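Good morning, and thank you for joining this session. I would ask everyone to turn to the sequence and the structure while I describe what they show.

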Amino acid sequence: MIKKIFCGIVAVAGLVSCTDDYTDWSSPQSNAANEAAEKFEMTVTPSVTAVDFATETSEAIQLFSSNLETGQTKAYTVELTGNEKVATITADATGNVAAIDLSNAVASLYGRAPYEREITATISADVTITTADGEVVAGKTAAPFKFKATLVAPVIASAYYLVGDMFTNDNVNGWSAEAMKQFTHSEVNVYDDPIFTVKFETTKENQYWKIIPQDNVDGEFWANPGVVGPATDGDPAMSGVLTRDGAGAGKIEVPGKYTLTINMMDYSYTIEPTPLELYMTGSNYNWGGIESDWVPMIPVNGSDEDF
């Protein structure tokens with residue numbers, strides 16, 4: 001009897017021992033390929049510390065190099081940040097970017113004023129990684145680096161004119177020199193004061209517009225580059241960036257009175273509803289019998305203490 005009890009204890013102990021050592025071979029095991037991909041680190045080395053587009057003549061600029069081998073990626077995504085804005089361009093497998101893409105990206109961050117700007121570049125790519133279990137493609141991002149960029153001084157004409165649908169009537173083509181309306185500007189040199197302003201009214205929906213510089217007025221009216229407008233034809237944005245190379249037409253969607261302000265140092269524009277204009281007349285002013293008898297009233301900010 002004692003022998004049977006002893007044998008039973010031994011058997012139970014054996015089962016417990018087997019349970020402790022048991023491995024469920026049907027459970028998924030760690031994936032060596034994924035682990036290798038996770039551990040792989042992509043690094044980049046800046047190829048430039050500064051780019052001056054006034055002297056840069058190459059169509060492509062070597063922005064960086066990386067530790068990737070040939071064939072590990074087809075292209076890189078280059079995220080550029082500055083002035084609390086972000087622009088994205090593409091680099092080829094060797095780290096080259098198109099000079100025009102880089103120039104336009106810097107302009108979108110800071111405008112086109114020819115000042116030295118600091119840019120932060122963050123490089124990412126889909127990388128093919130060879131492991132013992134085969135090839136794995138993983139998204140990788142390298143540590144960011146900084147460089148400086150200086151754009152070429154923009155072309156600023158002595159005067160600008162607005163043309164568009166809103167100036168078209170039975171007798172005049174709104175897209176002609178006959179109908180164009182000149183922007184106002186101070187007497188200061190345009191590079192010291194690059195701000196131009198024009199007021200206009202649209203009475204219909206979806207009215208298109210472009211800007212004609214004085215050089216085009218004096219020469220070929222629709223010459224390109226020269227005519228100024230948004231990069232995208234039909235752009236309804238009320239603010240944005242202008243271009244003089246292949247410019248599209250902007251669009252005013254809602255009828256109304258507007259003020260268009262352009263800053264030709266950074267080629268930006270803003271369209272705002274024109275504030276209500278008030279005029280005074282009376283017995284001393286011939287009751288507005290002629291236009292000159294209407295006296296404009298100037299809005300001012302004030303408080304109850306002013307009365």
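Let me begin with a single residue, E116, which counts as exposed because its relative accessibility is 54%, over the 50% cut-off. I should say at once that this is a predicted model. E116 belongs to strand 8, which covers residues 116-131. Which residues does E116 touch, once its neighbours within four places in sequence are left aside? They are K148, A149 and T150. The last of these, T150, is 34 residues away from E116 along the chain, yet their C-alpha atoms are separated by 4.4 Å.

With that residue in mind, let us step back to the chain as a whole. Its secondary structure consists of 4 helices and 21 strands. The chain has 307 residues, of which 36% are buried. Among its contacts with a separation of 6 or more, 57% are made by residues 24 or more positions apart. The chain exposes about 18900 Å², and 52% of that area is supplied by carbon and sulfur atoms.

I now turn to the charged pairs. How many salt bridges are counted? The count is 2.

One salt bridge joins the side chains of E118 and K148, with an N to O distance of 3.6 Å. This pair links distant parts of the chain, as E118 is in strand 8 and K148 is in strand 10, residues 145-150, with their positions 30 residues apart. E118 is partly exposed, at 40% relative accessibility. K148 is also classed as partly exposed, at 32%. K148 has appeared already, as one of the contacts of E116.

In the other salt bridge, the side chains of E35 and K39 meet at 3.2 Å, N to O. Here both partners lie in helix 2, residues 32-39, and are 4 residues apart, about one turn of the helix. E35 is partly exposed, with a relative accessible area of 36%, whereas K39 is exposed, at 63%.

Next, the interior. The largest nonpolar core contains 36 residues, and those touching the most other members are F64, V78, L80, L102 and F147. Which elements give two or more residues to this core? They are strand 5 (75-82), strand 6 (85-92), helix 3 (99-110), strand 8, strand 9 (134-141) and strand 10. Strands 8 and 10 are thus elements of this core and also hold the two partners of the E118 and K148 salt bridge.

L102 deserves a closer look. Leaving aside neighbours within four places in sequence, L102 is in contact with F53, I61, L80, I89, V97 and F147. Another core lies apart from the one just described; it has 27 residues, among them Y160, V190, I252 and L260.

Finally, I come to a sheet. Five strands form an open sheet with antiparallel pairing, in the order 13-18-19-16-15. Which strands stand at the edges? They are strand 13 (195-202) and strand 15 (229-230); each has a single partner strand, so one side of each is left without a neighbour in the sheet. Within the sheet, strand 16, residues 239-243, runs antiparallel to strand 19, residues 268-273, and 3 bridges join the two. V241 offers an example, with S268 in strand 19 as its bridge partner. In general, the strands of a sheet pair through backbone hydrogen bonds.

Terms used: Residues are numbered from 1 along each chain as its sequence is written. This is a predicted model: local features need pLDDT of at least 70, side-chain atom pairs count only at pLDDT 80 or more; totals for chains, interfaces and linings use all residues. Side-chain values use heavy atoms; hydrogens and water are left out. Buried means under 20% relative accessible area, exposed over 50%, partly exposed in between (1.4 Å probe, protein chains only). Contact means heavy atoms within 4.5 Å. Accessible areas come from the Shrake-Rupley method with a 1.4 Å probe; for residues, only the protein chains shown count as cover. A salt bridge is a side-chain nitrogen of Lys or Arg within 4 Å of a carboxyl oxygen of Asp or Glu. A nonpolar core is a set of buried Ala, Val, Leu, Ile, Met, Phe, Trp, Tyr and Cys residues joined through side-chain atoms within 4.5 Å. Two strands pair if DSSP finds at least two bridges between them.
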